[in-house]
Protein chains: 2
Amino acid sequence: MGSESRCENCIIRQFNSLRAMSKEELKQVSDSKTSKVIKKGEAIFEEGEKLNGVFCVREGVSKLSKLSSNGKDQIVKLATKGEVMGQRSVIAEETSNLSAVAVNDMELCFIPKEAIVNTLHKNPDFTFEVLRLMAHDLREADDVIVNISQKTVKQRIAEAFLYLKSNYGEDEQGFLILTLSREDIANVVGTATESCIRIISEFKKKGLLKSSGKKLGILDEKKLRDLAEGF
Amino acid sequence: MGSESRCENCIIRQFNSLRAMSKEELKQVSDSKTSKVIKKGEAIFEEGEKLNGVFCVREGVSKLSKLSSNGKDQIVKLATKGEVMGQRSVIAEETSNLSAVAVNDMELCFIPKEAIVNTLHKNPDFTFEVLRLMAHDLREADDVIVNISQKTVKQRIAEAFLYLKSNYGEDEQGFLILTLSREDIANVVGTATESCIRIISEFKKKGLLKSSGKKLGILDEKKLRDLAEGF
DNA sequence: TTGAAAAGGTGACAAATATCATATATATTT
DNA sequence: AAATATATATGATATTTGTCACCTTTTCAA
């Protein structure tokens with residue numbers, strides 16, 4: 001086993017709460033963790049499932065979503081390299097309220113909950129770090145609530161593209177690095193797929209977006225921003 | 001100063017994270033806290049304000065809301081006896097993302113952040129308890145997101161009444177103990193005040209709700225529940 | 001490599017919801 | 001108690017968004 005497969009040496013952890021663990025604790029985590037490769041479209045865990053640990057994203061992006069009674073999926077969060085999924089359920093000792101599906105090919109580590117819970121009760125720095133990140137997630141969730149209930153679908157789609165650009169960046173030709181299907185975008189925004197397609201088409205016609213194959217790119221960020229703000 | 005004004009003796013704390021504090025820590029909190037009486041409609045803190053501590057609700061209910069760019073308020077959470085407001089901002093060291101306004105006359109304790117942050121870094125049990133409650137809030141926020149984006153206004157209003165009943169109860173005559181204005185209900189649900197009024201009128205005509213003065217009561221809980229579920 | 005399946009696209013229409021205007025009831029202040 | 005402000009109510013109408021039907025393009029597996 002190469003040394004890069006040890007949590008102690010993993011750069012990913014610099015981006016999440018694991019960085020607050022001691023060498024000792026990390027060693028324990030590393031000894032109990034398992035690595036997983038997940039193909040695009042595959043499920044990592046399902047809503048209602050009891051999680052016996054957390055998942056640390058090493059590569060790729062996962063959508064965390066919840067199925068509503070009418071059969072539609074609402075994407076609540078996208079989890080990226082460095083983020084940990086499933087802590088909420090492990091901490092609250094509840095089944096997961098969300099399901100996680102890979103948006104593209106992923107690599108992740110599974111860390112059994114014992115290693116986490118142990119440290120949570122012993123290392124206040126670690127617990128505080130987890131708390132800090134959860135406080136951040138909660139703020140973002142509040143923002144999503146306000147956006148969904150107060151902005152139009154057009155505004156929210158405009159925002160979604162700005163979010164994709166600022167969080168995942170664009171390639172040399174100006175196309176967004178993270179490509180989501182129209183359906184996924186609709187599920188992030190909370191609208192019907194057809195409405196989403198229609199608005200994206202409109203944005204293309206108006207010169208706000210460009211496309212090439214499956215890729216989409218932002219052409220006029222300022223106008224998109226104005227639109228998102230309601231002008 | 002009566003002994004009931006000491007945090008060590010306060011029953012309220014049994015309902016929140018403060019119960020995980022040691023006698024010693026509670027003493028420190030108690031010595032630094034101040035009590036406040038807030039009249040219905042008064043603000044406790046504003047969006048964007050830097051909070052120098054947290055507020056523990058001893059009596060009454062507060063609405064935590066966020067102003068959107070179109071001038072409407074979205075109520076994200078109602079905080080009740082035993083709940084602590086403002087921890088998110090104190091923990092993340094950010095200005096508040098929400099403002100808090102008293103829904104009825106309130107009594108609360110202000111605890112300066114030093115007392116909290118100190119304990120957060122020293123007492124893992126306390127930190128874990130705060131974390132557990134925040135995990136719970138986050139789950140609720142996820143549920144709100146799904147509800148707002150997937151359910152109709154009618155369904156959400158039905159849900160709001162069921163929530164008010166199960167969380168605040170009803171009096172001997174079957175009227176909800178917590179009375180919210182139609183505007184507040186609209187802001188919880190994320191709709192226009194007029195739409196909210198219209199639907200409440202409809203519910204009354206259909207025999208699902210009754211009213212007397214400002215008070216509203218649930219007449220047919222089962223039908224209300226079916227409606228909320230989409231039948 | 002060729003079909004089937006999935007994703008993207010568009011029109012027509014229906015349904016849900018917001019907005020504006022205005023009226024009435026209720027609460028609050030003087 | 002009158003005057004004023006605020007909350008509730010309702011109609012008419014506009015706007016937004018969803019739904020259904022159908023078509024084209026792309027993707028992927030046999």
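These legends accompany several close-up views of a predicted model. Because the model is predicted, local features are reported only at pLDDT of at least 70 and side-chain atom pairs only at pLDDT 80 or more, while totals for chains, interfaces and linings use all residues. Residues are numbered from 1 along each chain as its sequence is written, chains are lettered from A and ligands numbered from 1 in the order in which they are written, and side-chain values use heavy atoms, with hydrogens and water left out.

**View 1. The axis that relates chain A and chain B.** Two copies of a chain are related by a rotation about an axis and a shift along it. Here a turn of 180° with a shift of 0.0 Å along the axis lays chain B on chain A with an RMSD of 0.1 Å, the superposition being a least-squares fit on the C-alpha atoms of residues with pLDDT of at least 70 in both copies. This is the relation of a two-fold axis. In chain B, the C-alpha nearest the axis belongs to Pro124(B), at 2.3 Å from it. Both copies use the same surface, since 100% of the contact residues of chain B recur in chain A, where contact means heavy atoms within 4.5 Å.

**View 2. The second largest pocket and its lining.** The second largest pocket has a volume of about 980 Å³ and is lined by 43 residues, among which Val76(A), Lys77(A), Glu140(A), Val144(A) and Tyr163(A) lie nearest its centre. A pocket is an open set of points on a 1 Å grid over the protein atoms alone, where a 1.4 Å probe fits and protein lies on both sides within 12 Å along at least five of seven lines, and its lining residues have an atom within 4 Å of a point; the volume is the space filled by probe spheres set on the points, which are joined across faces, edges and corners. The elements giving two or more residues to this lining include β5 (73–79), α5 (153–168) and α8 (221–229) of chain A, together with α4 (124–150) of chain B. Helices (H or I, at least four residues) and strands (E, at least two) are DSSP runs numbered from the N terminus. The largest share of the lining, eight residues, comes from α4(A). By residue type, the lining holds 24 nonpolar, eight polar and 11 charged residues, with Ala, Val, Leu, Ile, Met, Phe, Trp, Tyr, Cys and Pro counted as nonpolar, Asp, Glu, Lys and Arg as charged, and the others, Gly among them, as polar.

**View 3. The largest nonpolar core, seen around Ile44(B).** A nonpolar core is a set of buried Ala, Val, Leu, Ile, Met, Phe, Trp, Tyr and Cys residues joined through side-chain atoms within 4.5 Å, where buried means under 20% relative accessible area, exposed over 50% and partly exposed in between, for a 1.4 Å probe and protein chains only. Of the 84 residues in the largest such core, Ile44(A), Met85(A), Ile44(B) and Met85(B) touch the most other members. Leaving aside neighbours within four places in sequence, the contacts of Ile44(B) include Phe55(B), Met85(B), Met106(B) and Leu108(B).

**View 4. Glu93 in chain A and in chain B.** Most residues other than glycine have a negative phi. Glu93(A), although not a glycine, has a positive phi of about 50°; Glu93(A) sits in the loop between α2 and β7 (99–102) of chain A and is exposed, with a relative accessible area of 71%. Glu93(B) likewise has a positive phi of about 50°, lies in the loop between α2 (87–92) and β7 (99–102) of chain B, and counts as exposed at 72% relative accessibility.

**View 5. Ser68(A) and residues of chain B.** Ser68(A) is placed in the loop between β4 (62–67) and β5 of chain A and is buried, with a relative accessible area of 9%. Not counting residues up to four places away in sequence, Ser68(A) touches Val146(B) and Gln150(B).
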